[in-house]
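Me: I have a structure open and want to go through it piece by piece. Can we start with the charged contacts and then move on to the empty spaces?

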Amino acid sequence: MNVNILLVACVVSGILGACQGGQLRKNFYQNTCPSAEEIVRNVTWNHVSSNPNLPAKLLRMHFHDCFVRGCDGSVLLNSTANNTAEKDAAPNLSLAGFNVIDDIKENLENKCPGIVSCADILALAARDSVSFQFKRSLWKVLTGRRDGTISRTREALINIPPPVFNFTQLKQSFASKNLTVHDLVVLSGSHTIGVGHCPTFSNRLYNFTGKGDQDPSLNATYAAFLKTKCPSLNDTTTTVEMDPGSSLKFDTGYYATLKQQKGLFQSDAALLTNKGAANIVQELGDNDKFFTEFAQSMVRMGAIEVLTGTSGEIRSKCWAVNSN
């Protein structure tokens, strides 16, 4: 059966089980904590209303969580004396929004102690933060995830695809999580919001092949602009919008930018180096198409290697495993 047809069947039935990683379903908490999703939304929207950069932050955190040990909240765990956790790995040092997750968790623990997992909170908060500008939910979040108890910095380094990946590497990375090239191109559209730090792309400006050269696939005018923002390879603090002039608005601007050879990262430009992926980029310029496809791919990503049933635990604090 076609993967997308199977996915739709799962979503319509409200259970993502045999199809994709565990027993997730709609309204998992309707009997145990009926107001859970409302609490997540209200707290999230409250934070986003005063910090419009949060949607990009929480969406990225959810992605980084799901690509390491599945969507189990392992990215939220702090390092301990005996273990360096995922959040202290290089790709995660620029993550932000942990305080929002902690605030949501505190509100939920006051209402329904020990019921709602941190993994579900992150999945819901990512959706709700992006949805804030539309005042409606942009995609379904199936729930029932349990929290993992292991978080290792090395696994983050191995599993999170870096911005210098070429198409073959990106395809392999996503395939290892049971995601398709279609999912890759669709989920890359999340780069319509947020910023990139100079070190994540400055090699394209100054030392692309190790000879002090510029990436020829990068729009020359845009490259000149980027050089004014990041004047050297040593700038580690400056940020640049990933979707120029529209980095707070969730829309199809990323794909228009990409077609002008203005994708910020090497991994963005890589999508145009494969004919199939480039065709998908073309299709996703349509607003309705993008929003529909993004909703489906987010459900698929949110189901990667989830812990359900009696696996894992429900943490009482999202930054630490429960003490026995």
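Me: Which residues are linked in a network of salt bridges?

Reply: Glu-37, Arg-127 and Asp-128 form that network. Keep in mind that this is a predicted model.

Me: How many salt bridges does the structure hold?

Reply: There are 10 salt bridges. One of them joins the side chains of Arg-69 and Glu-155, at 2.7 Å from N to O. Arg-69 sits in the loop between α3 and α4 (98-111) and Glu-155 in helix α6 (residues 153-159), so the pair ties together parts that are 86 residues apart in sequence.

Me: And those two, Arg-69 and Glu-155, buried or exposed?

Reply: Arg-69 is partly exposed, at 29% relative accessible area. Glu-155 counts as buried because its relative accessibility is 14%, and the cut-off for buried is under 20%.

Me: Which residue does Lys-105 meet in a salt bridge?

Reply: Glu-109, with 2.9 Å from N to O between the side chains. Both residues lie in helix α4, 4 residues apart, about one turn of the helix.

Me: Why does that spacing suit a pair within one helix?

Reply: An α-helix has 3.6 residues a turn, so residues three or four places apart point the same way. As for accessibility, Lys-105 is buried, and so is Glu-109.

Me: What about Asp-120, which side chain does it meet?

Reply: Asp-120 meets Arg-145 in a salt bridge of 2.6 Å, N to O. Asp-120 is in helix α5 (residues 118-131), while Arg-145 is in the loop between α5 and α6, so the pair ties together parts that are 25 residues apart in sequence. Both Asp-120 and Arg-145 are buried.

Me: On to cavities. How many of 30 Å³ or more are there?

Reply: The structure holds 1. The volume of the largest cavity is about 70 Å³. It is lined by 13 residues, and the closest to its centre are Val-141, Leu-142, Arg-145, Met-298 and Val-299. Arg-145 there is the partner of Asp-120 in the salt bridge above.

Me: What classes of residue make up that cavity lining?

Reply: The lining of the largest cavity has 9 nonpolar, 2 polar and 2 charged residues.

Me: Now pockets. What is the volume of the largest pocket?

Reply: About 1000 Å³. Of the 45 residues lining the largest pocket, Arg-60, His-64, His-191, Met-242 and Phe-265 are the closest to its centre.

Me: Which helices and strands supply at least two residues of that lining?

Reply: α3 (54-66), α7 (167-175), α8 (181-188), β3 (195-197), α12 (266-269) and α14 (287-301). α3 gives the most, with 7 residues. By class, the lining of the largest pocket divides into 28 nonpolar, 14 polar and 3 charged residues.

Me: Arg-60 came up near the centre. Where does Arg-60 lie, and what does it touch?

Reply: Arg-60 lies in helix α3. Leaving out residues up to four places away in sequence, Arg-60 touches Pro-91, Ser-94 and Leu-95. Its side chain also reaches the backbone oxygen of Pro-91 at 3.0 Å.

Me: Is Arg-60 buried, exposed or partly exposed?

Reply: Arg-60 is partly exposed, with a relative accessible area of 32%.

Me: And the second largest pocket, what volume does it have?

Reply: About 170 Å³. It has 17 lining residues, and Ser-217, Gln-266, Ala-269, Ala-270 and Thr-273 lie nearest its centre. The lining of the second largest pocket has 8 nonpolar, 6 polar and 3 charged residues.

Me: Back to α8, since it helps line the largest pocket. How many of its residues are buried?

Reply: 7 of its 8 residues, so α8 is mostly covered. In α8 the buried residues are His-182, Asp-183, Leu-184, Val-185, Val-186, Leu-187 and Ser-188.

Me: What do the buried residues of α8 pack against?

Reply: They pack against α7, α11 (253-259), α13 (275-283) and α14. α7 and α14 also each supply at least two residues of the lining of the largest pocket.

Me: Last one. Which residue caps the N-terminal end of α8?

Reply: Thr-180 does, with a side-chain oxygen 3.3 Å from the backbone nitrogen of His-182. His-182 is one of the buried residues of α8.

Conventions
Residues are numbered from 1 along each chain as its sequence is written. This is a predicted model: local features need pLDDT of at least 70, side-chain atom pairs count only at pLDDT 80 or more; totals for chains, interfaces and linings use all residues. Side-chain values use heavy atoms; hydrogens and water are left out. On a 1 Å grid over the protein atoms alone, a cavity is a set of points where a 1.4 Å probe fits but cannot get out, and a pocket is an open set with protein on both sides within 12 Å along at least five of seven lines; lining residues have an atom within 4 Å of a point. Grid points are joined across faces, edges and corners, and a volume is the space filled by probe spheres set on the points. Ala, Val, Leu, Ile, Met, Phe, Trp, Tyr, Cys and Pro count as nonpolar, Asp, Glu, Lys and Arg as charged, and the others, Gly among them, as polar. A salt bridge is a side-chain nitrogen of Lys or Arg within 4 Å of a carboxyl oxygen of Asp or Glu. Buried means under 20% relative accessible area, exposed over 50%, partly exposed in between (1.4 Å probe, protein chains only). Contact means heavy atoms within 4.5 Å. A polar contact is a pair of N or O atoms within 3.5 Å; within protein, one must be able to donate a hydrogen and the other to accept it, and residues adjacent in sequence count only if both atoms are side-chain atoms.
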